[in-house]
Amino acid sequence: RIPKKWKWEGDLFVDFAKNQAKKVCEVTIKDATDSHDNGARMSFMMAQTNSIRIQKLYNVTDLAPVFRACGEAQQFAKLEALENQDSQALHGLFRYMSIQRQVAVLPLSLDGAELALLFIFSPSLDALCRFLRVPEHLRQNSQNTHVLVALLPWLISSAKYIKGTTRNRVDKTIQQLSTPNGQSKDSRRRILREAAMAIDLLSIPRELLDFMQFPNRKYCIWSFPADGAALNPGFETRQLKYVLDKTKAMSVSLDAEARVIFIHVGALKTFHELSSVVTKRRDAPEVRFFTYGTHESVPSSRWGMREIFPLGGIVTFTPLAIAEDPIGCHSLMRNLAQHPLWECYLIPSIVGLSHALACGKDKPVPEITSMDSCLLPILDLADAGSISVTKAPTKHNDDAWIVETLEQQLLEVEDMLRECVKSSIERFARCSESDILIEADREISQDLVNMELQPKFMDNYRRFVVIRAASEETRNLPEGGSGVCSVTFPSAASTDLTCSSSGLRYQTSHLRMITSLDHRF
């Protein structure tokens, strides 16, 4: 006997005004996939659900904390109109969700206990579908005629919810992500009136004031040493705290779960050394970073409030990673070149050292210039403009660096290799064979730090990543490079994407995340 395929039928309601819901039509949830590892099933979790009510639609970005509180997606299905004559209004809602890139979230309860969340979203949200691993057959031929539903278990940490501790309901937790209510404009006018001078002094954008009025907003400030410290802040930091206090946002420490981190422009050189910041940039894409203030060490064009470290990143490679697996590195570089948010570059002296190691030498010597190189396909990528062979500039608007980089890009592949070998010999001439890889790590780490502090890169990229060989896994990066993430290769290339950045927290070891998902959807 063939078992009957499960499906759910019921009314769909949408809140068009506060606490006022209207019925859209009858809908059905069908074509459910098999449950992941015999986990939770919709047929069980929705047994006591008679209707669906969408009270609010959420931006995918704002759901990052919710995804982190959930387990892996257990089951997927389609949601569509039960009858064709009811489909027009429903398709309009689906189109709106697709265009606005928004998601509905429904808590599912059994006997009063909230056990799971049902996410309703458009198949057109490619990054979200990849993150949740939606089967491809459910996404085909949607044309806004159906949306997808995903069942995720709601996890409870025993360390957090000890006996006697009350726990927020899921819907209350999600509601904390809501946009401020209709009072936000009045609240903004009040803030503008009461803190006008400080807002103008710091050039705080209106969008940021609105953002800080969301419920449960937490922030922290790093101003040391340019504008005082936490216990004795300077003038500009005190002005910033005055404005933020008006928004009702809560100040927390740098190690806490802040939603926004403010960095004084004069403190950037110390900020990148904080390991907690690296962790937030890697694992919490919902965290926003802003610089503020003025300082004599920073060009006046960088003064004021501006957002930095948005998404994506810059990737480079150690010499041993390239020498041990040039084919795998070439493949990864091509993938990075195709991603709109990530870029790849190689330091000339590191390319020369990679060539020496691949030729069986412990350090670069002149005779390797005439040897055949397995790095030529990689340099072909540079010749095609897919990657760059250059060093990071060391100062703002460095004309000499621009000229040198352009000249490097105009070289033929063999000439480029010769220049890289020459640069490598000059850089590592005084290094012993036992110390040369350690010195190469210092070169890479310092170069990425220089890049991270450059406005052009700071404004456009979030992460700065070093791909290392598997044999280097036990060697630590040098001191002073704590702002740089390292990833083991080639193991990273085959690591499966489990719940991480933007999930949404991204761990650098998940290469699929680096090449396909690392942004805020």
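Val365 is partly exposed, with a relative accessible area of 21%. That is a handy place to start in this predicted model. Val365 sits in the loop that links helix 15 (348-358) to helix 16. Leaving out residues up to four places away in sequence, Val365 touches Val421 and Ile425. Phe428 is 63 residues away from Val365 in sequence, yet the two C-alpha atoms are 9.8 Å apart in space.

Phe428 turns up again around Glu439. Glu439 belongs to helix 19 (residues 436-452), and Glu439 touches Phe428 along with Arg427 and Cys431, again not counting residues up to four places away in sequence. Is Glu439 buried or exposed? Its relative accessibility is 18%, so Glu439 counts as buried, because the cut-off for buried is under 20%.

Here are three residues side by side, with where they sit and how much of each is accessible.

| Residue | Location | Relative accessibility |
|---|---|---|
| Val365 | loop between helix 15 (348-358) and helix 16 | 21%, partly exposed |
| Glu439 | helix 19 (residues 436-452) | 18%, buried |
| Lys218 | strand 9 | 27%, partly exposed |

**The whole chain**

Stepping back for a moment, the protein chain has 23 helices and 18 strands. Of its 521 residues, 51% are buried. Take the contacts between residues at least 6 apart in sequence: 72% of them join residues at least 24 apart.

**Lys218 and its sheet**

Lys218 lies in strand 9, and its 27% relative accessibility makes it partly exposed. Across from Lys218 stands Met250 in strand 10. Met250 is also one of its contacts beyond four places in sequence, and the others are Val252, Glu257, Ala258, Arg259 and Val260. Ala249 is 31 residues from Lys218 along the sequence and 5.6 Å from it in space, C-alpha to C-alpha.

Which way do strand 9 and strand 10 run relative to each other? They run parallel, and 2 bridges join strand 9 (residues 218-222) to strand 10. Both are part of an open sheet of 5 strands, ordered 10-9-11-12-13, where the pairing is mixed. Strand 10 (250-251) and strand 13 (306-308) are the edge strands, each pairing on one side only. Helix 10 (residues 235-246) lies across strand 9, strand 10, strand 11 (260-264) and strand 12 (288-292), and runs at about 175° to strand 9.

**Strand 14 and its partners**

How many of the residues of strand 14 (residues 313-317) are buried? The count is 5 of 5, and the strand is mostly covered. Both faces of strand 14 are covered: one side has Gly313, Val315 and Phe317, the other has Ile314 and Thr316, and all are buried.

Strand 14 pairs in the parallel sense with strand 15 (residues 342-346) over 3 bridges, with Ile314 standing opposite Glu343 in strand 15. Strand 14 also pairs with strand 17 (residues 463-469), again in the parallel sense, this time over 5 bridges. Over in strand 17, Ile467 is the bridge partner of Phe317.

**Helix 15**

Helix 15 has 9 of its 11 residues buried, so the rest of the structure largely encloses it. The buried ones in helix 15 are Pro348, Ser349, Ile350, Val351, Gly352, Leu353, Ser354, His355 and Ala356. After helix 15 comes Gly360, with a positive phi near 90°. Further on, in the loop between helix 15 and helix 16, is Val365.

**Helix 14 against helix 16**

Two packed helices are described by the angle between their axes and the distance between the axes. Helix 14 (residues 326-338) and helix 16 (residues 376-383) pack at an angle of about 20°, and their axes are 9 Å apart. That angle makes helix 14 roughly parallel to helix 16, because angles under 35 degrees count that way. The crossing of helix 14 past helix 16 is left-handed.

Which residues of helix 14 meet helix 16? On the helix 14 side they are Pro326, His330, Met333 and Arg334, and they meet Pro377, Ile378 and Leu381 in helix 16. Sorted by class, this contact has 5 nonpolar, 1 polar and 1 charged residues.

Terms used:
Residues are numbered from 1 along each chain as its sequence is written. This is a predicted model: local features need pLDDT of at least 70, side-chain atom pairs count only at pLDDT 80 or more; totals for chains, interfaces and linings use all residues. Side-chain values use heavy atoms; hydrogens and water are left out. Axes are lines fitted to C-alpha atoms, for helices over the stretch in contact, and angles run from 0 to 180 degrees between N-to-C directions. Helices (H or I, at least four residues) and strands (E, at least two) are DSSP runs, numbered from the N terminus. Angles under 35 degrees count as roughly parallel, over 145 as roughly antiparallel, 65 to 115 as roughly perpendicular and the rest as oblique. A crossing is left-handed if the near helix is turned anticlockwise from the far one by less than a right angle, and right-handed if clockwise. Contact means heavy atoms within 4.5 Å. Ala, Val, Leu, Ile, Met, Phe, Trp, Tyr, Cys and Pro count as nonpolar, Asp, Glu, Lys and Arg as charged, and the others, Gly among them, as polar. Two strands pair if DSSP finds at least two bridges between them. Buried means under 20% relative accessible area, exposed over 50%, partly exposed in between (1.4 Å probe, protein chains only).
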